[in-house]
Amino acid sequence: MKTTFNNEQYRQVLNYDSYGRRCLKFMERIAIHSAISHRLTYERNKELSPELAMKVLQILREIQDNGYQEKEVRIKEQNGELIEINNEI
């Protein structure tokens with residue numbers, strides 16, 4: 001069974017992993033970023049491994065079940081370093 005996700009779903013999973021519950025390994029995050037990039041560049045889906053696709057599906061269900069609200073994050077450069085800005089528009 002092939003499971004495809006859109007970039008919004010991938011972004012939700014990455015956000016949840018960063019600011020909700022750590023649930024992805026480094027290489028899994030890289031694979032998701034690669035899938036996003038592939039879709040933006042080639043306008044085609046890049047298939048995840050079956051194991052990672054199942055994990056993404058489970059995380060999306062967890063997000064929905066828990067009512068997780070994504071954290072909006074803004075980054076700016078200050079003195080050559082990237083700084084996360086909260087509550088600034």
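User: In which helix does Arg29 lie, and with which residues is Arg29 in contact once its neighbours within four places in sequence are left aside?

Analyst: In this predicted model, Arg29 belongs to helix 2. The side chain of Arg29 makes a polar contact with the side chain of Ser18 at 3.3 Å, and Ser18 is also among the residues that Arg29 touches. With the neighbours within four places in sequence set aside, the residues in contact with Arg29, which lies in helix 2, are Leu14, Asp17, Ser18 and Leu24.

User: Which side chain meets that of Arg29 in a salt bridge, and is this partner buried or exposed?

Analyst: Side chains of opposite charge can pair when their charged atoms come close. Here the side chains of Arg29 and Asp17 form a salt bridge with an N to O distance of 2.6 Å. The pair links distant parts of the chain, with Arg29 in helix 2 and Asp17 in helix 1, 12 residues apart. Because its relative accessibility is 1%, and the limit for burial is under 20%, the partner, Asp17, counts as buried.

User: How many salt bridges does a search of the whole structure find, and which residues do salt bridges with shared partners join into one network?

Analyst: The search of the whole structure gives 5 salt bridges, and one of them joins the side chains of Lys55 and Glu28 at 2.8 Å, N to O. That pair links Lys55 in helix 3 with Glu28 in helix 2, 27 residues apart, and Glu28 is buried, with a relative accessible area of 16%. Salt bridges that share partners also build one network, so that the answer to the two parts is a total of 5 salt bridges and a network of Glu8, Arg11 and Glu70.

User: How many residues apart are Glu62 and Arg21, whose side chains meet in a salt bridge?

Analyst: The side chains of Glu62 and Arg21 meet at 2.8 Å, N to O. Glu62 is partly exposed, with a relative accessible area of 22%, and Arg21 is likewise partly exposed, at 38%. Glu62 sits in helix 3 (residues 50–66) and Arg21 in the loop between helix 1 and helix 2, so the salt bridge links distant parts of the chain, and the separation of the two residues is 41 residues.

User: Which element gives the largest share of the lining of the largest pocket?

Analyst: The largest pocket holds about 150 Å³ of space, and its lining consists of Arg11, Leu14, Asn15, Ser18, Tyr19, Arg29, His33, Ile36 and Glu70. Two elements give two or more residues to this lining, namely helix 1 (7–19) and helix 2 (26–42). By character, the lining residues divide into 3 nonpolar, 3 polar and 3 charged. The largest share, 5 residues, comes from helix 1.

User: Where is Asn79 found, and what is its phi?

Analyst: Most residues other than glycine have a negative phi, and most peptide bonds are trans. Asn79 lies in the loop between strand 1 and strand 2 (81–85), where Asn79 is exposed, with a relative accessible area of 74%. Glu43, in the loop between helix 2 and helix 3, is exposed as well, at 71%, and has a positive phi of about 55° although it is not a glycine. For Asn79, in the loop between strand 1 and strand 2, phi is also positive, at about 55°.

User: Which residues does Lys76 touch, not counting residues up to four places away in sequence?

Analyst: Lys76 has its place in strand 1 (residues 74–78) and is partly exposed, with a relative accessible area of 36%. Lys76 and Gln9 are 67 residues apart in sequence and 25 Å apart in space, C-alpha to C-alpha. Not counting residues up to four places away in sequence, Lys76 touches Glu81, Leu82, Ile83 and Ile85.

User: What pattern does the protein chain follow when read along the sequence?

Analyst: The protein chain contains 3 helices and 2 strands, and its C-alpha trace spans about 45 × 35 × 20 Å along the principal axes. Of its 89 residues, 29% count as buried, and residues 24 or more positions apart account for 56% of the contacts with a separation of 6 or more. Read along the sequence, the pattern is α-α-α-β-β.

Terms used. Residues are numbered from 1 along each chain as its sequence is written. This is a predicted model: local features need pLDDT of at least 70, side-chain atom pairs count only at pLDDT 80 or more; totals for chains, interfaces and linings use all residues. Side-chain values use heavy atoms; hydrogens and water are left out. On a 1 Å grid over the protein atoms alone, a cavity is a set of points where a 1.4 Å probe fits but cannot get out, and a pocket is an open set with protein on both sides within 12 Å along at least five of seven lines; lining residues have an atom within 4 Å of a point. Grid points are joined across faces, edges and corners, and a volume is the space filled by probe spheres set on the points. Ala, Val, Leu, Ile, Met, Phe, Trp, Tyr, Cys and Pro count as nonpolar, Asp, Glu, Lys and Arg as charged, and the others, Gly among them, as polar. Buried means under 20% relative accessible area, exposed over 50%, partly exposed in between (1.4 Å probe, protein chains only). Contact means heavy atoms within 4.5 Å. A salt bridge is a side-chain nitrogen of Lys or Arg within 4 Å of a carboxyl oxygen of Asp or Glu. A polar contact is a pair of N or O atoms within 3.5 Å; within protein, one must be able to donate a hydrogen and the other to accept it, and residues adjacent in sequence count only if both atoms are side-chain atoms.
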